[in-house]
Amino acid sequence: MSDYHPFTPDQAARFADLHSDLFGDHSQLTAQEFGDGNLNLVFRVKNNRSTSLIVKQALPYARCVGESWPLTLDRARIEAEVLLKHAKICPDHVVEVYHYDTTLAAILMEDLHQYEIARSALIQGKHFPLLGQHIGHYLAQVLFHTGDFVLTGPVKKALQLQFHNPELCLITEDLFFTDPYCNHERNNISPAMLPEAQQLWRDIELQAEVAQLKADFLSKPQALLHGDMHSGSIFVKADSSKVIDAEFGFFGPIGFDCGSFIGNLLLCALAQPGLCQNPATAIEQQSYLKGQIELFWATFSDEFNHLMQQETADTTFQNKLFQQRFLNQIWQDSLGYAGCELIRRTVGLAQVADLRKIADQSQKTKAETAALTLGRQLIMQRSSLSLTELIQLI
């Protein structure tokens with residue numbers, strides 16, 4: 001758009017001041033660009049009394065690659081509107097959006113400076129006993145209330161048009177389901193892992209199952225997803241968890257969000273022997289992470305089941321046997337997408353700090369090999385694995 005321009009820190013401060021009354025008159029504002037995101041500019045704007053807000057602005061390309069990978073600026077609108085929609089349903093666990101500007105592709109939101117990014121905190125061995133419960137509650141609420149159990153067909157189809165997000169969905173389609181299973185130039189494979197990656201490229205049975213998961217991703221618009229539900233999209237503190245970064249939001253399979261969250265906790269658990277010098281500390285953190293996976297699914301499944309029984313509007317979907325089958329299918333889909341997350345974070349483009357921060361190369365290779373092995377098991381055995389069996393596989 002002709003009026004679009006990337007913000008300087010001063011421009012970000014003016015944008016925040018113009019669209020918020022939190023700072024007050026004659027505030028002395030400063031803005032600092034921060035963050036290591038792959039796609040956007042992020043600024044913290046604050047006054048001399050330490051009141052602060054966040055300005056996030058989309059760039060017309062993928063920041064991690066450069067201008068050779070152009071991206072739509074409409075993703076800022078998608079992100080703001082997903083967060084606003086989800087916040088209406090589950091305000092306790094969604095960052096608050098104060099304003100967004102479609103022309104400037106910019107969002108003004110609350111500053112979660114008292115929180116920590118979940119991925120970084122979990123890598124450091126910190127425990128947040130309510131994390132799984134909070135995310136289970138958040139996903140159960142927003143995915144139920146934006147799906148067919150509540151919405152009429154015309155309403156849902158109108159929302160699908162509002163949250164039509166083809167460009168960012170294509171990124172997911174490529175990075176999740178295509179690139180790791182071929183010798184693609186975007187892949188990021190350490191020399192020690194090349195034989196394992198080559199095995200993926202030859203594994204026709206695995207590729208068939210991944211194709212099915214991709215087909216479902218493309219054709220199963222069950223609910224309005226967050227779309228990027230990894231541990232870097234969650235801010236945490238002892239008694240609170242809040243979700244950010246919903247620019248990949250779209251209508252898709254419910255198990256994709258659930259599986260992305262589970263997959264990232266699994267990655268952190270598998271990395272623990274390489275991250276912790278003390279084996280006992282590694283075992284303790286693994287136990288905590290396994291407990292959070294169990295807590296997440298117990299919370300999500302209990303709450304989603306309760307919502308189906310109590311709040312389903314469509315009489316067809318009030319059938320108890322159908323509801324049981326639907327929830328079981330979410331679990332199977334979640335396992336499959338968790339497996340895809342493990343594989344793509346190990347040999348694909350967007351690798352994670354959980355693995356990158358392992359200093360000892362032999363330990364890193366062990367963790368990466370374990371991630372690929374477990375990823376394949378989850379994909380291939382998703383129709384039969386129970387929660388207990390999943391935990392035992394770690």
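This talk walks through two sheets, the helices against them, and some salt bridges in one structure. Keep in mind that this is a predicted model.

I'll start with the five-stranded sheet. The sheet is open, its strands run in the order β1-β2-β3-β7-β6, and the pairing is antiparallel. At the edges stand β1, residues 30–33, and β6, residues 97–101; each has a single partner strand, so one side of each lacks a neighbour in the sheet. From one strand to the next, the twist averages 20 degrees.

Two helices pack on this sheet. Helix α1, residues 9–18, touches β1, β2, β3, β6 and β7, and its direction makes about 65 degrees with that of β2. Helix α2, residues 75–89, touches β2, β3, β6 and β7, and its direction makes about 155 degrees with that of β6.

Now the pairings, strand by strand. β2 and β3 run antiparallel and are joined by 7 bridges. Within that pairing, N40 has A58 in β3 as its bridge partner. The hairpin of β2 and β3 has 5 residues between the strands, and S50 there takes a positive phi near 70 degrees. On to β3 and β7: these pair in the antiparallel sense over 5 bridges, and K56 has I107 in β7 as its bridge partner. β6 and β7 are also antiparallel, with 4 bridges; here H99 is partnered by L108 in β7.

How many residues of β3 are buried? The count is 7 of the 7, so β3 is largely enclosed by the rest of the structure. In a regular strand, side chains alternate between the two faces of the sheet. In β3, S52, I54, K56 and A58 point one way, while L53, V55 and Q57 point the other way.

The second sheet has 3 strands, is open, and has the order β8-β10-β11 with antiparallel pairing. Its edge strands are β8, residues 116–117, and β11, residues 240–243, each pairing on one side only. β10, residues 234–237, pairs with β11 over 4 bridges, and the bridge partner of K237 is S240 in β11. Helix α4, residues 131–145, packs on this sheet, touching β10 and β11, with its direction at about 45 degrees to that of β11.

That leaves the charged side chains. The structure holds 20 salt bridges; I'll show three. In the first, R77 and E81 meet at 2.8 Å, N to O. These two are 4 residues apart in helix α2, which means about one helical turn separates them. R77 counts as buried at 17% relative accessibility, and E81 counts as buried at 15%.

The second joins E110 and K242, at 3.1 Å, N to O. This pair links distant parts of the chain: E110 is in strand β7 and K242 is in strand β11, 132 residues apart. Both E110 and K242 are buried.

The third is R344 with E341, whose closest N and O atoms are 3.0 Å apart. These residues sit 3 apart in helix α11, residues 320–347, again about one helical turn. R344 and E341 are both buried. There is also a network: salt bridges that share partners join K56, R75, E79, D245 and E247.

One last residue, K156, lies in helix α5, residues 153–162. Is K156 buried or exposed? K156 is buried, because its relative accessible area is 6%, and buried means under 20%. Leaving aside residues up to four places away in sequence, K156 touches D148, L151, P221, Q222 and F251.

Terms used. Residues are numbered from 1 along each chain as its sequence is written. This is a predicted model: local features need pLDDT of at least 70, side-chain atom pairs count only at pLDDT 80 or more; totals for chains, interfaces and linings use all residues. Side-chain values use heavy atoms; hydrogens and water are left out. Two strands pair if DSSP finds at least two bridges between them. Axes are lines fitted to C-alpha atoms, for helices over the stretch in contact, and angles run from 0 to 180 degrees between N-to-C directions. Contact means heavy atoms within 4.5 Å. Buried means under 20% relative accessible area, exposed over 50%, partly exposed in between (1.4 Å probe, protein chains only). A salt bridge is a side-chain nitrogen of Lys or Arg within 4 Å of a carboxyl oxygen of Asp or Glu.
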